[in-house]
Amino acid sequence: MSSPRPGTARLFIVSAPSGAGKTSLARALVDADRNVVLSVSHTTRPPRPGERDGHDYHFVDRETFLGMVERGEFLEYAQVFGNYYGTARESVDALLAGGFEVLLDIDWQGARKVRGGLPASFGIFILPPSLDALRERLDRRGQDSEEVIDARMRNAIAEMSHYDEYDRVIVNRDFDAALTELRALVSGGEGGLDPADIDFETLVSIDKTVTLGQ
């Protein structure tokens, strides 16, 4: 992948484990920069409190989603925790044609599929400062049971091991600082870390007995 270039409509893939803050960062960037838009994904997941159809997600039933899959309407789609999520090709194409910088808030599996079809896209991975911090953020949401949070934490370790498939990595220790780095990257400037320079286990305080999934 090439580096972002000012003045050129680009597709930016933003990924992270659940609770690392990628969606909050993406929405804050969109609010701060009218030239940046967030692609709204389709999902079969029920809306959470405060979520709006067409704004947070396009909430559809399973039959509708699978029909879109059969017609080849998704750039990528996946099943996560029993629910389907997907990025509609038509929506992204229309935004790019309009000259907008487009953010995709998707996981590493979806990112692989999108990069396969759109190699000019630019990947940004958001890491939490530690697993303890990630657990605290998930607990603070108050939306999931302990069992679900435990599953998310197990999944997070495997997800975070894919950071090196992205162009840049942002460690979300401080929200405002992370937002500044994200905005710089999307604007065509410098920001974040080179994945090759990261000592992953030290950075996120992973226990040495944990084997990272690849």
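Helices (H or I, at least four residues) and strands (E, at least two) are DSSP runs, numbered from the N terminus. What you have open is a predicted model, where local features need pLDDT of at least 70, side-chain atom pairs count only at pLDDT 80 or more, and totals for chains, interfaces and linings use all residues. Residues are numbered from 1 along each chain as its sequence is written, and side-chain values use heavy atoms, with hydrogens and water left out.

**Stop one: R140**

Select R140, which sits in helix α5 (residues 131-141). R140 is exposed, with a relative accessible area of 57%; exposed means over 50%, buried under 20% and partly exposed in between (1.4 Å probe, protein chains only). Now add G19: 121 residues separate R140 and G19 in sequence, yet their C-alpha atoms are 9.7 Å apart in space.

**Stop two: the cores**

Next, pick V114, F125, L127 and M160. In the largest nonpolar core, which has 27 residues, these four touch the most other members. A nonpolar core here is a set of buried Ala, Val, Leu, Ile, Met, Phe, Trp, Tyr and Cys residues joined through side-chain atoms within 4.5 Å. Which elements give two or more residues to this core? They are β1 (11-15), β7 (101-105), α4 (108-117), β8 (122-127), α5, α6 (146-160) and β9 (168-171). The largest share, five residues, comes from α6. Then colour A20, L38, L103 and F122, which are among the 20 residues of a second, separate core.

**Stop three: I124**

Go to I124 in strand β8. Is I124 buried or exposed? I124 is buried, with a relative accessible area of 0%. Leaving out residues up to four places away in sequence, I124 touches F12, I13, V14, S15, Y166, R168, I170, L182 and L185, where contact means heavy atoms within 4.5 Å. Measure to R168 in your viewer: the two C-alpha atoms are 5.1 Å apart, with their positions 44 residues apart along the chain.

**Stop four: S41**

S41 is in the loop between β2 (36-38) and β3 (42-43). Show Y57, H58, G86 and T87 as well, since S41 is buried, with a relative accessible area of 8%, and touches these four, not counting residues up to four places away in sequence.

**Last stop: two helices**

Finally, select helix α1 (residues 22-32) and helix α7 (residues 175-186). Their axes come within 10 Å and cross at roughly 60 degrees; axes are lines fitted to C-alpha atoms, for helices over the stretch in contact, and angles run from 0 to 180 degrees between N-to-C directions. Residues making the contact include L25 and L29 of α1 and L179 and L182 of α7.
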